[in-house]
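Open the model in your viewer and keep the selection panel at hand. The stops below are meant to be taken in order.

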Number of protein chains: 2
Amino acid sequence: MLGDERGNMISSNSDKKKIDNIEDYFMAKKEISQAVIQRLPRYYRYLEDLMDQGIERISSSELSKRMKLTASQIRQDLNNFGGFGQQGYGYNIKNLHDEIAKILNIDNEHEMIIVGAGHLGQALANYTNFRKRGFIVKAIFDKDPSIIGKKVGEIEIQPMEKLDEIIKASNIKMAAVCIPKNAAVKVVEQLINDGIVGIWNFAHVDLEVPENIVIENVHLSESLMRLSYRMGESLNAE
Amino acid sequence: MLGDERGNMISSNSDKKKIDNIEDYFMAKKEISQAVIQRLPRYYRYLEDLMDQGIERISSSELSKRMKLTASQIRQDLNNFGGFGQQGYGYNIKNLHDEIAKILNIDNEHEMIIVGAGHLGQALANYTNFRKRGFIVKAIFDKDPSIIGKKVGEIEIQPMEKLDEIIKASNIKMAAVCIPKNAAVKVVEQLINDGIVGIWNFAHVDLEVPENIVIENVHLSESLMRLSYRMGESLNAE
DNA sequence: TAACTTTTGACATATAATTAACAAAACTGT
DNA sequence: ACAGTTTTGTTAATTATATGTCAAAAGTTA
């Protein structure tokens with residue numbers, strides 16, 4: 001029968017692919033394509049929704065209908081990281097959810113800072129969903145003296161002068177950058193010197209960083225232009 | 001000699017590819033790949049920067065170095081839409097910039113509304129860069145009575161009850177949705193009924209819409225998870 | 001103006017991503 | 001326990017995307 005043992009059964013049913021710890025993924029050096037990484041968080045979101053609905057298991061084919069993907073793609077994507085499913089049964093949702101959390105590195109907490117306490121910086125600081133995923137905003141910085149000391153949620157806006165000190169005194173590895181592009185270039189250099197490894201960049205610029213630094217860009221105005229393009233396309237297609 | 005005539009020369013030097021108006025792109029039915037659409041706004045941004053620097057012309061090879069793409073890819077991407085370059089010369093930056101603006105459908109103004117006046121909605125309403133691209137926020141809505149009537153920049157927060165009325169009385173075709181996912185599903189239905197064609201969706205849900213409706217998703221928490229994934233990958237790769 | 005250089009646009013090739021197919025494993029119902 | 005069903009993980013085929021190549025066009029220089 002199926003039950004609590006499910007997780008164990010899955011992890012032991014495929015010797016070649018057995019994964020004892022997360023580092024094995026990377027040891028194997030099997031390059032994961034950008035397209036797969038792009039989809040991973042979406043799987044996570046769907047699995048979370050399924051859990052909330054109290055559903056216990058799902059087949060790749062059923063999931064493919066909901067996500068508007070092919071079942072084949074789902075199976076291939078997941079098999080990049082291990083054999084999480086079981087023939088004749090499908091995937092245990094809770095188990096797969098937890099596995100993807102490990103893969104995404106969100107099975108533990110991440111402290112982060114926000115540089116720029118404009119509207120966007122404040123919006124991020126207040127985003128309760130992030131906390132739910134384990135991302136904890138430890139500090140928010142701005143250069144504008146008129147807002148320094150004000151509170152955003154539970155944290156106080158700090159002057160830029162305190163940036164180095166606060167990062168170095170902590171174990172913070174992640175920073176969201178919400179300042180204009182010219183300022184961003186210099187601040188990012190500073191962040192990297194202070195030990196920041198991952199940068200969530202909202203500035204309209206492609207940052208040049210060393211190889212070991214990770215940048216995730218959110219170019220909102222580019223997103224808006226894509227919407228505009230598709231609207232034009234759609235209107236002209238009639 | 002090169003000069004003001006450049007634009008004319010370019011548009012007349014390739015009969016087969018000559019494009020008299022924007023609808024020809026779509027008439028031709030030549031399917032543009034998602035990958036190209038993804039890159040288009042980035043080209044636009046780089047061209048804008050080049051213009052600001054006072055540079056007049058650029059070759060695909062020089063642009064490829066700056067953008068970290070191959071020259072071949074740039075030429076192929078652009079040739080989806082027309083022959084904007086000239087042998088031995090390259091691309092005229094101002095001309096190409098304007099052409100891409102037409103392609104992206106940002107050569108004219110777009111009125112838009114924002115649904116949800118939380119931190120994110122307000123951040124978008126205050127984003128001066130959008131106005132620069134021709135996107136004009138005409139109204140912002142919220143259901144919270146305590147903030148209705150307050151001003152965000154120059155516009156007043158309206159109650160949700162006014163949504164239908166305001167959209168229908170205008171020519172607004174675009175809406176940014178910045179409300180929780182459950183509310184979003186219903187509101188989007190309403191927006192579509194009111195005549196909205198393009199939806200910039202910030203809610204953590206994949207919206208089901210008719211074929212002629214365009215959705216551009218900005219799933220911030222997915223973006224953050226991708227950052228987290230890559231940081232884990234980077235740390236484990238040493 | 002003629003020789004030489006640059007650079008595009010088009011096409012051909014190579015690489016990557018997606019989809020299809022199917023044997024083997026595990027489940028289900030009797 | 002057995003027959004039939006489901007569904008995975010894997011490999012093969014297909015499709016899509018990116019890169020390399022080159023003739024022809026236009027620029028540049030002497």
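The tour goes through the DNA strands, a helix, a sheet and a few single residues.

The model is predicted, and local features need pLDDT of at least 70, side-chain atom pairs count only at pLDDT 80 or more, and totals for chains, interfaces and linings use all residues. Residues are numbered from 1 along each chain as its sequence is written, chains are lettered from A and ligands numbered from 1 in the order in which they are written, and side-chain values use heavy atoms, with hydrogens and water left out.

**Stop 1: DNA strand C**

Select DNA strand C and the protein residues near it, where near means that a heavy atom of the residue lies within 4 Å of the strand. There are 31 residues around DNA strand C, and those that come nearest are A:Ser72, A:Gln76, B:Ser60, B:Asn79 and B:Tyr91. Sugar or phosphate accounts for 60% of the atoms of DNA strand C within 4 Å of the protein, and bases for the rest.

Colour this surface by residue class: Ala, Val, Leu, Ile, Met, Phe, Trp, Tyr, Cys and Pro count as nonpolar, Asp, Glu, Lys and Arg as charged, and the others, Gly among them, as polar. The surface near DNA strand C then divides into six nonpolar, 19 polar and six charged residues.

Next, switch to secondary structure, in which helices (H or I, at least four residues) and strands (E, at least two) are DSSP runs numbered from the N terminus. Which elements each supply at least two residues of the surface near DNA strand C? They are helix H1 (6-12), H3 and H5 of chain A, together with H5, strand E2 (85-86) and strand E3 (90-92) of chain B. H5(A) gives the most, with four residues.

Now look at polar contacts, which are pairs of N or O atoms within 3.5 Å; within protein, one must be able to donate a hydrogen and the other to accept it, and residues adjacent in sequence count only if both atoms are side-chain atoms. On the base side, an N or O atom in the side chain of A:Arg75 is 3.3 Å from a base nitrogen of DNA strand C, and one in the side chain of B:Gln87 is 3.1 Å from a base oxygen. On the backbone side, a phosphate oxygen of DNA strand C lies 2.7 Å from a polar side-chain atom of B:Tyr91.

**Stop 2: DNA strand D**

Move the selection to DNA strand D, which 32 residues surround; A:Ser60, A:Arg75, A:Asn79, A:Tyr91 and B:Arg39 are the closest. Here 61% of the strand's atoms within 4 Å of the protein belong to sugar or phosphate, and the rest to bases. The residues of this surface divide into seven nonpolar, 19 polar and six charged. H5(B) provides the largest share, four residues.

Three contacts can be picked out. A:Gln76 has a polar side-chain atom 3.0 Å from a base oxygen of DNA strand D. B:Arg39 has a polar side-chain atom 2.8 Å from a phosphate oxygen of the strand. At A:Phe84, a polar backbone atom is 3.3 Å from a phosphate oxygen.

**Stop 3: helix H5 of chain A**

Select residues 71-79 of chain A, which are helix H5; its buried residues are A:Ala71, A:Ile74, A:Asp77 and A:Leu78. They lie on the same side of H5(A), because they cover an arc of only 130° around the axis. The arc is that of the directions from the helix axis to the C-beta atoms. Buried means under 20% relative accessible area, exposed over 50%, and partly exposed in between (1.4 Å probe, protein chains only).

Show contacts next, meaning heavy atoms within 4.5 Å. The buried residues of H5(A) pack against helix H3 (34-52), helix H4 (60-67), strand E3 (90-92) and helix H6 (93-104) of chain A.

**Stop 4: the sheet of chain A**

E3(A) leads to an open sheet of three strands in the order E1-E3-E2, with antiparallel pairing. Strand E1 (57-58) and E2 are the edge strands, each pairing on one side only. Two strands pair if DSSP finds at least two bridges between them. E1(A) and E3(A) are joined by two bridges, and A:Ile58 has A:Tyr91 in E3(A) as its bridge partner.

**Stop 5: single residues**

Go to A:Lys68, in the loop between H4 and H5 of chain A. Its phi is near 60°, a positive value in a residue other than glycine. Most residues other than glycine have a negative phi. A:Lys68 is exposed, with a relative accessible area of 58%. In chain B, B:Lys68 also has a positive phi of about 60°.

Last, select A:Ser228 in helix H11 (residues 220-236) of chain A. Is A:Ser228 buried or exposed? A:Ser228 is buried, with a relative accessible area of 0%. Not counting residues up to four places away in sequence, A:Ser228 touches B:Leu104, B:Asn105, B:Ile106, B:His110, B:Phe135 and B:Met174.
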